[in-house]
Amino acid sequence: MKIADIETFTNEFVCFVKVTTDGGEIGWGQVAPYCADITAQVLHRQVAPYALGQSALNIDYLVDLIPEKEHKFPGSYLQRAIGGLDTALWDLRGRIEGKPVCELIGGTPGTIRAYGSSMKRDITPKDEAARLSRLRDEFGFDAFKFRIGAECGRGKDEWPGRTEEIVPTVRAALDDSVALLVDANSCYPPAQAIEVGKMLEQNGISHYEEPCPYWEYEQTRQVTEALSIDVTGGEQDCELPNWKRMIDMHVVDVVQPDICYLGGLTRTLRVADMARKAGLPCTPHAANLSMVTLFTMHLLRAIPNAGKYLEFSIEGEDYYPWQDGLFVSSPYDIVDGKATVTDAPGWGVEVNPGWLEKSVRQISSWKDR
């Protein structure tokens with residue numbers, strides 16, 4: 001069963017990948033959102049040439065082969081492109097075997113506790129607290145994450161005093177039965193991160209994400225060692241040697257790989273297993289309702305060191321207008337604070353034909369090589 005065609009359907013934000021075998025079997029995947037049209041070009045130029053004509057079932061081989069062949073081009077774009085191929089091949093295998101991907105990797109369908117993940121920093125503390133309270137009542141979420149500091153803020157807040165106000169405001173609005181998480185998005189130097197972390201501990205926050213510039217492992221480790229709160233991170237890291245170093249150093253208490261950034265399910269399973277061996281839980285990054293959250297749902301239903309919850313974006317069309325109309329039927333219903341992985345084959349979702357018709361299509365074919 002050889003890979004015959006690799007197709008991409010893309011706009012600026014989203015790129016779906018369709019793989020077809022020489023026997024006509026198909027699978028659907030996705031590269032990471034944002035600049036997805038650029039990633040599509042990388043896929044056709046630097047990934048497809050090594051995948052076409054290869055076995056569609058030997059995913060491990062391909063995700064190792066391609067970075068070796070393109071060793072002069074390490075980094076994010078190549079891994080994002082490989083992730084599109086990888087996730088399409090997992091879907092293909094699931095469709096062939098009539099099993100959901102979670103079952104292929106040792107898990108079972110079922111529910112997953114989700115935390116409602118806010119992406120907004122332009123929202124006032126009062127409005128954020130009210131919004132999270134409404135979502136708790138409407139969907140049954142018993143955990144939420146909100147934003148502190150400024151993204152790569154060099155120690156500055158989104159506006160003066162916002163962090164010191166939003167933490168106790170949200171805590172007061174949601175009782176202790178609701179877990180609270182925060183994301184600093186690489187804002188602080190170590191001393192300031194520790195100071196903020198102690199304030200978080202005093203307010204019952206349980207998860208402190210990316211307190212320091214994510215690429216400065218030693219800085220983040222200082223924060224981890226100084227606090228009792230879980231310090232978390234890893235969403236941006238896309239190279240396996242960096243993951244090994246991060247885990248060996250115990251930079252964070254909880255690892256947060258992003259399946260689309262890291263290069264697909266196969267590589268993420270490897271990171272999760274590294275973390276398992278080090279006694280660390282895995283709570284992946286999944287910041288939007290493209291296919292990345294679905295990929296993460298299947299992963300969490302299978303790995304033995306799954307973290308406490310699934311990241312589930314609470315932002316709709318006003319924040320992510322490009323999310324609208326991606327699928328025939330949404331896989332993202334939240335009931336009693338939980339998402340559900342069904343027993344449908346593969347990823348269990350169908351891309352909306354109407355969306356595909358409006359996208360830019362490109363194909364790489366084995367027959368043309």
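A cavity here is a set of grid points where a 1.4 Å probe fits but cannot get out. In this predicted model, a search of the whole structure turns up two cavities of 30 Å³ or more. The largest cavity holds about 80 Å³ of space.

So what lines the largest cavity? The lining is made up of E210, Y214, Y217, T220, T232, G233, G234, D237, M246, V251 and V252. Two elements, α8 (217-226) and β8 (230-233), each give two or more residues to this lining. Sorted by class, the lining of the largest cavity comes out as five nonpolar, four polar and two charged residues.

The second largest cavity has a volume of about 30 Å³, and its walls are formed by P33, Y34, D258, Y261, H285, N288 and V292. Here the class count is four nonpolar, two polar and one charged.

On to the packed parts. In soluble globular proteins, nonpolar side chains tend to be buried together. In this model the largest nonpolar core runs to 114 residues, and I148 and Y208 are the ones with the most contacts inside it. Helix α3 (residues 76-97) is the top contributor to this core, giving eight residues. A second core, separate from the largest one, has five residues, among them A143, A179, L181 and Y309.

Back to I148 for a closer look. Leaving aside residues up to four places away in sequence, I148 touches Y208 as well as I166, V167, V182, A184, Y188, V196 and L200. The contacts of I148 also take in R121, R162, T163 and D183.

Key: Residues are numbered from 1 along each chain as its sequence is written. This is a predicted model: local features need pLDDT of at least 70, side-chain atom pairs count only at pLDDT 80 or more; totals for chains, interfaces and linings use all residues. Side-chain values use heavy atoms; hydrogens and water are left out. On a 1 Å grid over the protein atoms alone, a cavity is a set of points where a 1.4 Å probe fits but cannot get out, and a pocket is an open set with protein on both sides within 12 Å along at least five of seven lines; lining residues have an atom within 4 Å of a point. Grid points are joined across faces, edges and corners, and a volume is the space filled by probe spheres set on the points. Helices (H or I, at least four residues) and strands (E, at least two) are DSSP runs, numbered from the N terminus. Ala, Val, Leu, Ile, Met, Phe, Trp, Tyr, Cys and Pro count as nonpolar, Asp, Glu, Lys and Arg as charged, and the others, Gly among them, as polar. A nonpolar core is a set of buried Ala, Val, Leu, Ile, Met, Phe, Trp, Tyr and Cys residues joined through side-chain atoms within 4.5 Å. Buried means under 20% relative accessible area, exposed over 50%, partly exposed in between (1.4 Å probe, protein chains only). Contact means heavy atoms within 4.5 Å.
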